[in-house]
Amino acid sequence: MGDVLKDLTAGTVGGAAQLIVGHPFDTIKVKLQSQPVPLPGQPPKYAGAMDAVRQTIAAEGARGVYKGMGAPLATVAVFNAVLFSVRGKLETMLRSEPGVPLTVNQQIICGGGAGVAVSILACPTELIKCRLQAQSALAGASSAGVAVKYGGPMDVARQVLRSEGGVRGLFKGFIPTLAREVPGNALMFGVYEALKQYFAGGRDTSGLGRGSLIVAGGLAGGSFWFSVYPTDVVKSALQVDDYKNPKFSGSMDAFKKIVASEGVKGLYKGFGPAMARSIPANAACFLAYEITRSSLG
């Protein structure tokens with residue numbers, strides 16, 4: 001089996017593990033990010049992450065925290081296959097000799113390059129996911145029931161293609177997606193390699209135990225979200241913005257209006273669930289990737 005196919009297979013398995021572990025956290029993150037700014041004197045729809053969990057389960061059942069998983073689940077194979085295979089190809093290009101490990105700086109370059117590729121896939125997938133996750137909050141759902149605008153992932157895609165400018169509508173929020181994925185993946189893979197080298201004590205990192213890989217993967221994933229979180233807030237705000245009556249004219253306008261209305265803390269809505277998700281989800285992803293990759297020889 002060639003290296004590209006191995007990366008494709010291992011990336012797919014890693015992505016599936018990441019999605020299963022992390023999606024409920026992601027649902028709460030998007031709900032907190034997209035809830036309307038409350039009127040003066042009125043409380044916000046969600047008082048915090050745990051309140052969002054309680055309201056979601058009360059209104060939609062336990063399956064509500066997995067809302068919107070269809071779109072990323074359908075594309076997780078392609079998404080992670082691209083991420084890890086592009087990174088693998090870049091590693092091959094930068095490696096001085098076969099088998100020679102890359103430096104941390106070289107892994108940063110590989111991660112950034114892979115981030116460019118995955119942005120193209122991430123933008124339309126996350127637009128669909130965010131619309132499904134946020135629709136109850138945007139519709140002002142009450143305890144009496146949840147107003148449903150979209151029937152599922154394919155319905156979101158059909159409505160966007162029909163009424164929001166065709167394929168272009170699916171790439172709403174592409175600039176902040178790119179601004180998230182490129183530096184985020186550069187830092188994540190750099191941190192992951194640095195931690196593996198630290199745990200290995202300067203020796204070959206291929207012999208690291210699962211515990212070390214879990215810690216390295218979890219902290220690497222945490223570094224991703226810690227470094228680029230405001231861009232994700234801007235992305236989500238743009239992607240769930242009403243096409244007919246938009247609040248924002250673009251990324252910078254969304255950034256300025258969020259800060260103007262909510263302060264800097266508005267750029268960190270949902271930060272807690274995002275960080276709570278990133279560590280276990282990425283630990284699962286990197287561990288599953290490494291185990292699968294090594295088993296393929």
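**An all-helix predicted model**

Glycine 14 lies in helix H1, where helices (H or I, at least four residues) and strands (E, at least two) are DSSP runs numbered from the N terminus. The structure is a predicted model, in which local features need pLDDT of at least 70, side-chain atom pairs count only at pLDDT 80 or more, and totals for chains, interfaces and linings use all residues. Residues are numbered from 1 along each chain as its sequence is written, and side-chain values use heavy atoms, with hydrogens and water left out.

With a relative accessible area of 0%, glycine 14 is buried; buried means under 20% relative accessible area, exposed over 50%, and partly exposed in between (1.4 Å probe, protein chains only). Its contacts, leaving aside neighbours within four places in sequence, are Cys285, Ala288 and Tyr289, a contact being heavy atoms within 4.5 Å. Asparagine 282 is 268 residues away from glycine 14 along the chain, yet their C-alpha atoms are separated by 8.6 Å.

Helix H1 spans residues 3-34 and also holds leucine 5. Leucine 5 counts as partly exposed because its relative accessibility is 45%. Here too a distant part of the sequence comes into view: the C-alpha atoms of leucine 5 and arginine 293 are 10.0 Å apart, with their positions 288 residues apart along the chain.

A further example comes from helix H4 (residues 104-138), which contains alanine 122. At 1% relative accessibility, alanine 122 is classed as buried. Once neighbours within four places in sequence are set aside, alanine 122 contacts Phe79, Thr177 and Arg180. Phenylalanine 171 lies 49 residues from alanine 122 in sequence, with a C-alpha to C-alpha distance of 9.2 Å.

Turning to the whole chain, the protein has 10 helices and zero strands, giving the pattern α-α-α-α-α-α-α-α-α-α along the sequence. Of its contacts with a separation of 6 or more, 78% join residues 24 or more positions apart. The radius of gyration, taken over C-alpha atoms, is compared with a globule rule of 2.2 Å times the number of residues to the power 0.38. For 297 residues, a compact globule would have a value near 19 Å, and the protein agrees with this at 20 Å. Along the principal axes, the C-alpha atoms fill a box of roughly 60 × 35 × 35 Å.

Buried residues account for 48% of the 297 residues. The exposed area is about 13800 Å², of which carbon and sulfur atoms supply 65%; accessible areas come from the Shrake-Rupley method with a 1.4 Å probe, and for residues only the protein chains shown count as cover.

According to the unreviewed UniProt entry, the annotation "repeat: Solcar" covers residues 2-93, 102-198 and 208-295; such annotations may be inferred rather than shown by experiment. Across residues 208-295, the chain is 76% helix and 0% strand, and the end C-alpha atoms are 14 Å apart.
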